[in-house]
Amino acid sequence: GVITESGAASITRALSYFPFRHIPGISELGNKHDARMRMVTKPLLIIHGEKDTLVPIAMARELYELVSSKDKRFVGIPGADHNDLLTTDSDTYFNVIKEFVFVEL
């Protein structure tokens with residue numbers, strides 16, 4: 001399976017939040033990224049801070065929609081920013097990973 005933490009659907013859209021977004025070849029890279037993410041069919045877990053100021057949670061939701069997997073889960077951590085998911089709510093963080101990794105037989 002695939003676990004993403006504080007991830008974005010598109011590098012081109014993520015860079016639009018920064019002044020250095022006009023990088024040669026970045027559009028081509030973004031198109032390849034979207035195509036590759038559409039090919040993901042493995043189980044997916046996305047964990048994202050609901051107060052993320054670097055990569056807005058809407059971008060993580062775009063990633064969730066982009067991935068073709070039928071077995072996918074999106075978990076927003078209330079109050080968490082980009083780099084403090086674990087310290088904001090470690091119980092939720094570890095429980096969703098445990099549920100994702102250790103499937104009951």
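Let's start with tyrosine 93, which is buried at a relative accessible area of 12%. Keep in mind that we are looking at a predicted model. Tyrosine 93 forms an aromatic pair with phenylalanine 94, and that pair is edge-to-face, with 5.2 Å centre to centre and 90° between the planes. Phenylalanine 94, for its part, counts as partly exposed, with a relative accessibility of 48%.

So how many aromatic pairs does the count come to? It comes to two. The other one joins tyrosine 64 and phenylalanine 74, again edge-to-face, at 6.1 Å centre to centre with 85° between the planes. I like this pair, because tyrosine 64 sits in helix α3 and phenylalanine 74 in strand β3, so it ties together parts that are ten residues apart in sequence.

Is phenylalanine 74 buried or exposed? It is buried, at a relative accessible area of 19%. That is a close call, because buried means under 20%. Tyrosine 64 has a relative accessibility of 21% and counts as partly exposed. While you have tyrosine 64 on the screen, please look at its face: lysine 72 lies over it, 4.6 Å from the ring centre.

Now let's step back to the whole chain. Its secondary structure comes to five helices and three strands. If you walk along from the N terminus, the elements run β-α-α-β-α-β-α-α. The chain has 105 residues, and 35% of them count as buried. Among contacts with a separation of 6 or more, 71% are between residues 24 or more positions apart.

On to the sheet. The three strands make an open sheet in the order β1-β2-β3, and the pairing is parallel. Why does one side of β1 and one side of β3 have no neighbour in the sheet? Both strands stand at the edges, each with a single partner strand, so that side is left free of a neighbour. As for the twist, neighbouring strands are turned by 10° against each other on average, ignoring direction.

Let me take the two pairings in turn. β1 and β2 pair in the parallel sense over four bridges. One contact to find there is valine 2, whose bridge partner in β2 is leucine 44.

Next come β2, residues 44–49, and β3, residues 72–77, which are parallel too and pair over six bridges. To get from β2 to β3, the chain crosses through helix α3, residues 57–66, and this β-α-β crossover is right-handed. Within the pairing, leucine 45 stands opposite arginine 73 in β3. And here our aromatic residue comes back: phenylalanine 74 in β3 is the bridge partner of isoleucine 46.

How many residues of β2 are buried? Six of its six, so this strand is mostly covered, given that buried means under 20% relative accessible area. If you turn the strand around, both faces turn out to be covered. On one side you have Leu44, Ile46 and His48, on the other Leu45, Ile47 and Gly49, and they are all buried.

What lies across these strands? Helix α3 lies across β1, β2 and β3, and runs at about 170° to β3. Helix α5, residues 90–101, also lies across β1, β2 and β3, and runs at about 175° to β2. Residue 93, where we began, falls in that range of α5.

One last stop, in helix α2, residues 26–38, where we find arginine 36. Is arginine 36 buried or exposed? It is exposed, with a relative accessible area of 54%. Along the chain, arginine 36 and leucine 66 are 30 residues apart, and their C-alpha atoms are separated by 9.6 Å.

To wrap up, I'd hold on to two pictures. One is β2, with both of its faces covered. The other is the edge-to-face pair of tyrosine 64 and phenylalanine 74, which ties together helix α3 and strand β3. Thanks, everyone, and I'm happy to go back to any of these views.

Key. Residues are numbered from 1 along each chain as its sequence is written. This is a predicted model: local features need pLDDT of at least 70, side-chain atom pairs count only at pLDDT 80 or more; totals for chains, interfaces and linings use all residues. Side-chain values use heavy atoms; hydrogens and water are left out. Two strands pair if DSSP finds at least two bridges between them. Helices (H or I, at least four residues) and strands (E, at least two) are DSSP runs, numbered from the N terminus. A crossover is right-handed if, with the strands pointing away from the viewer, the path from the first strand over the helix to the second runs clockwise. Axes are lines fitted to C-alpha atoms, for helices over the stretch in contact, and angles run from 0 to 180 degrees between N-to-C directions. Contact means heavy atoms within 4.5 Å. Rings of Phe, Tyr and Trp (its six-membered ring) pair if their centres lie within 6.5 Å; planes under 30 degrees apart count as stacked, over 60 as edge-to-face and the rest as tilted. Buried means under 20% relative accessible area, exposed over 50%, partly exposed in between (1.4 Å probe, protein chains only). A charge sits over a ring if NZ of Lys or CZ of Arg is within 6 Å of the ring centre and within 35 degrees of the ring normal.
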